[in-house]
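Reader: I should like to learn how charged side chains and helices are read in a structural model. Could you take me through an example?

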Amino acid sequence: MQTTEVGQNSEIKQVIGRLCMMNNRFMNFMLDDNKKAAQVFLRVILGDDKIKVRNVRIQSFIQNIYGHSSQLDILAQDSKGRYFNVEVQRSDEGAPARRARFYSSILDTHFLQPGKLYEELPDTYVIFITENDVLHDNLPLYNIKRRIDENAKCFEDGSHIIYVNSQRRDNTALGKLMQDLYCTEPKNLHYHEFAERMEFLKYSKEGEEKMTDVIEEYAARKAEALAKEAVKEAAKEAAKKAEEKEQANRIELAQGLLADGMSIEFTVRHSKLTEAEVRELASKLSA
C-alpha cells in the first residue's frame with residue numbers, strides 16, 4: 001500500500017513537472033492575483049510598458065440572462081479602467097472569430113452599468129493566445145480592429161481583438177514570452193516575474209496543495225483512460241468468445257454436411273471453413 005502511494009506521488013510530481021503555461025489550468029494558477037505576471041503579458045503583447053494592472057482574476061463567470069453565458073480564463077483591469085480578457089487555446093476549434101466577437105460583446109454588456117453613458121464604456125481587449133497559427137499568415141501577432149471600408153480609417157469604438165501565434169518563438173520580447181509559455185523549468189524562464197510563482201507551484205508543498213484540482217483533473221483523466229481500456233478489453237474478450245462460438249457452429253455444420261456425403265468443395269462453400277479445416281474434419285470422420 002505504501003509503495004503504491006509513493007508511486008502515485010512520484011507520478012503526480014512528474015505530471016506537475018511537465019506543466020507549462022500553455023496548460024490552461026496552470027496558466028490560471030500562474031496569473032491568479034499575480035498582477036506583476038499579468039502586467040508582463042499585457043505589456044509585451046500590446047507593446048506598452050506603461051500598463052499598470054490594478055487587479056486580475058481567473059475563471060470569471062459572466063452571466064447573460066438573455067442568452068449564452070461565459071467563463072473567462074483570465075480577466076484583468078489596468079489603472080486606466082481598461083479590461084483585458086486573456087484566453088489560452090490549444091485547440092484551433094477553441095478560437096473562432098465569432099467567439100472573440102462574442103467575448104468582446106459580453107464584456108461590453110457586463111461593464112456598462114445602468115444609467116451610464118455610452119461614452120463611459122471602457123476599452124476592452126480580448127486576447128487569444130493560440131498553440132497554432134489559426135489565422136494562417138505566419139504573423140506573430142494579429143491586431144484586429146473595425147475600420148471604415150470607404151476610407152480605410154479605423155472606427156475607434158474602444159474594442160480590440162488580438163490573436164497571438166505562440167509558434168513564433170524568436171528572440172524578440174514577444175518571442176521570448178512565447179518561449180516562456182512552453183517552459184517547464186523556472187530557471188529557464190526569460191521573465192523573472194513568472195519564475196518565482198512557478199518555483200512555488202512546482203517545488204513547494206503549499207504549491208502542490210494549491211494545485212489540487214490540476215492533480216484531480218489528471219487523476220480523472222487517468223481513471224477515464226483506464227475505464228476506456230477496460231471497456232476495450234471487455235469488447236475484445238466478447239468478440240473473441242463470439243468468434244469462438246461462430247467457429248464451433250461452422251465446424252458443427254461442416255461435420256453434418258460431410259456425414260451426409262457432401263463433397264469437400266460443397267462443405268467449404270457452405271460452412272465458410274477453409275479447405276484445410278474441412279479436409280481435417282473429413283479425415284477424422286473417416287478414421
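**Reading helices and charges**

Author: Let us begin at the start of a helix, in what is a predicted model. N23 caps the N-terminal end of α2, where a side-chain oxygen of N23 lies 3.1 Å from the backbone nitrogen of R25. At the other end, α2 is followed by D33, whose phi is positive, near 55°.

Reader: Is helix α2 largely enclosed or exposed?

Author: To judge this, one looks at how many residues of the helix fall under 20% relative accessible area. Helix α2 spans residues 24–31, and six of its eight residues are buried, so α2 is largely enclosed by the rest of the structure. The buried residues are F26, M27, N28, F29, M30 and L31.

Reader: How should I read a salt bridge, and how many does the structure hold?

Author: Side chains of opposite charge can pair when their charged atoms come close. In practice, a side-chain nitrogen of Lys or Arg must lie within 4 Å of a carboxyl oxygen of Asp or Glu. The structure holds 10 salt bridges. One of them joins E275 and R279, with 2.9 Å from N to O.

Reader: How are E275 and R279 placed relative to each other along the helix?

Author: Both belong to helix α10, which covers residues 275–286; because they are four residues apart, about one helical turn separates E275 from R279. E275 is partly exposed at 43% relative accessible area, and R279 is also partly exposed, at 42%.

Reader: Which residue forms a salt bridge with E280?

Author: The partner of E280 is K284, and their closest N and O atoms are 3.6 Å apart. These two residues again lie in helix α10, four residues apart, about one turn of the helix. As for accessibility, E280 counts as partly exposed at 45%, while K284 is exposed at 56%.

Reader: Which residue pairs with R250, and is R250 buried or exposed?

Author: R250 forms a salt bridge with E243, the closest N and O atoms being 3.4 Å apart. R250 is buried, with a relative accessible area of 18%, whereas E243 is partly exposed at 42%.

Reader: What is the nearest side chain of opposite charge to R197, and how far away is it?

Author: That side chain is D32, 6.0 Å away; R197 is buried yet has no salt bridge. The 6.0 Å separation is to be read against the salt-bridge limit of 4 Å. R197 itself lies in helix α6, residues 192–203.

Reader: What polar atom, then, lies by the side chain of R197?

Author: One should look at backbone atoms as well as side chains. The backbone oxygen of D32 lies 3.4 Å from a polar atom of the R197 side chain. Leaving aside neighbours within four places in sequence, R197 is in contact with F29, M30, D32, D33 and N34. Of these, F29 and M30 are among the buried residues of α2.

Reader: What radius of gyration does the protein have, and how is that value read?

Author: The value is set beside that of a compact globule. The protein has 31 Å, but a compact globule of 287 residues would have a radius of gyration near 19 Å. Its C-alpha atoms fill a box of roughly 100 × 60 × 40 Å along the principal axes. The protein has 10 helices and six strands, and 37% of its 287 residues count as buried.

Notes:
Residues numbered from 1 in each chain as written. Predicted model: local features only at pLDDT ≥ 70, side-chain atom pairs only at ≥ 80, totals over all residues. Heavy atoms only, no water. Buried < 20%, exposed > 50% of the residue type's maximum accessible area, 1.4 Å probe, protein only. Lys, Arg positive; Asp, Glu negative; His and termini not counted. Polar contact = N/O pair within 3.5 Å; in protein donor to acceptor, adjacent residues only side chain to side chain. Contact = heavy atoms within 4.5 Å. Rg over C-alpha atoms; globule rule 2.2 N^0.38 Å.
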